[in-house]
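Dear colleague,

I am handing over the structure below, together with some notes on its charged side chains. Please read them alongside the coordinates.

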Amino acid sequence: MKNCNCEEKLKEIEKLASKIRINTLKSLTHLGFGHYGGSLSVVEVLAVLYGGVMNINPEDPNWKGRDYFVLSKGHAGPALYATLALKGFFPVEEIYTLNQNGTNLPSHPDRLKTKGVDATTGSLGQGISIATGIATALKMDKKSNRVFSIIGDGEINEGQCWEAFQFIAHHNLNNLTVFLDYNKQQLDGTLEEIIKPFSFENKLKAFGFDTVTIKGDDIKGIYEMVKKPRKENEKPLFVILDTVKGQGVEYIEKMKNSHHLRLTEELKKEIEEVIEKLEREAE
């Protein structure tokens with residue numbers, strides 16, 4: 001790919017990331033509560049995947065030639081919904097039905113309700129196992145489709161994740177790329193407080209992955225890392241995204257705990273001002 005094309009592609013991805021962040025904030029703020037912190041921390045990687053890497057077809061969400069995505073940390077559903085809407089899977093206006101009666105956009109992704117969702121997730125630890133199963137089936141059928149999954153750093157406390165990692169490495173499922181959203185907080189506090197993580201990079205290398213750590217908002221770095229499929233002799237790739245809870249919104253980044261917010265009038269006003277600021281910057 002020529003440099004000029006890469007630069008143009010990166011600009012497109014950056015614009016998409018900005019729109020995903022804005023629409024994620026809008027949907028959650030319209031609802032009045034939800035998982036702000038962990039939705040915002042995956043915005044850039046979603047923009048890279050859906051804006052520059054994955055083969056998708058919004059007009060035919062079940063297209064057999066598509067690449068698959070599994071949001072194992074299902075509470076970040078609002079960011080995924082904003083992404084899918086912006087890519088044309090359903091009207092953008094539908095994001096305002098988030099988590100309401102009769103919606104196609106429940107709090108956590110449901111493949112039977114939402115166009116473009118490949119796996120129902122929310123029970124932490126299970127999504128990465130589903131992604132592993134998809135990757136295994138594609139390998140057995142000698143298909144070239146790729147699989148991508150995002151897991152949470154609190155979710156990784158689940159033993160099921162490590163069983164999946166061992167299976168992925170043993171079977172060399174290098175058609176599956178795993179992203180860890182390392183935002184360093186979970187529902188009940190920081191990782192250091194709940195279960196000290198030690199070195200994710202060392203542990204995943206020991207499990208048999210090619211493991212890298214990259215800033216979670218480094219669009220160029222993430223794109224360069226995953227734009228090409230792994231070669232047959234390469235190990236599966238595990239990408240540790242060094243993120244911040246509430247990433248891209250300084251007001252939320254500074255909160256002690258932004259895992260789930262229920263908006264007061266004051267907080268709603270602050271976030272609405274942030275949305276207006278981001279929209280001006282995006283113009």
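The notes that follow deal with salt bridges and then with a patch of surface charge.

This is a predicted model, in which local features need pLDDT of at least 70 and side-chain atom pairs count only at pLDDT 80 or more, while totals for chains, interfaces and linings use all residues. Residues are numbered from 1 along each chain as its sequence is written, and side-chain values use heavy atoms, with hydrogens and water left out.

Taking a salt bridge as a side-chain nitrogen of Lys or Arg within 4 Å of a carboxyl oxygen of Asp or Glu, the count comes to 13. One of them joins Arg-21 to Glu-44 at 3.0 Å, N to O, and this pair links distant parts of the chain, with Arg-21 in helix H1 (residues 3-31) and Glu-44 in helix H3 (residues 43-53); helices here are DSSP runs of H or I with at least four residues, numbered from the N terminus. Arg-21 is buried at 6% relative accessible area and Glu-44 is buried at 8%, where buried means under 20%, exposed over 50% and partly exposed in between (1.4 Å probe, protein chains only).

In helix H11, Lys-277 and Glu-281 are 4 residues apart, about one helical turn, and their closest N and O atoms lie 2.6 Å apart in a salt bridge. Lys-277 is partly exposed at 44%, whereas Glu-281 is exposed at 51%.

Helix H11 (residues 265-282) also holds Glu-265, which is exposed at 68% and gathers with Glu-272, Glu-273 and Glu-276 in a surface patch of negative charge (like charges joined within 9 Å, from residues with over 30% relative accessible area and no salt bridge).

Best regards

Technical notes
Patch = residues over 30% accessible without salt bridge, like charges linked within 9 Å, V, L, I, M, F, W, Y side chains within 5 Å. Areas by Shrake-Rupley, 256 points an atom, 1.4 Å probe, with all protein chains shown as cover. Lys, Arg positive; Asp, Glu negative; His and termini not counted. Charge placed at Lys NZ, Arg CZ, Asp CG, Glu CD. Helix = DSSP H or I, 4+ residues; strand = E, 2+ residues; numbered from the N terminus.
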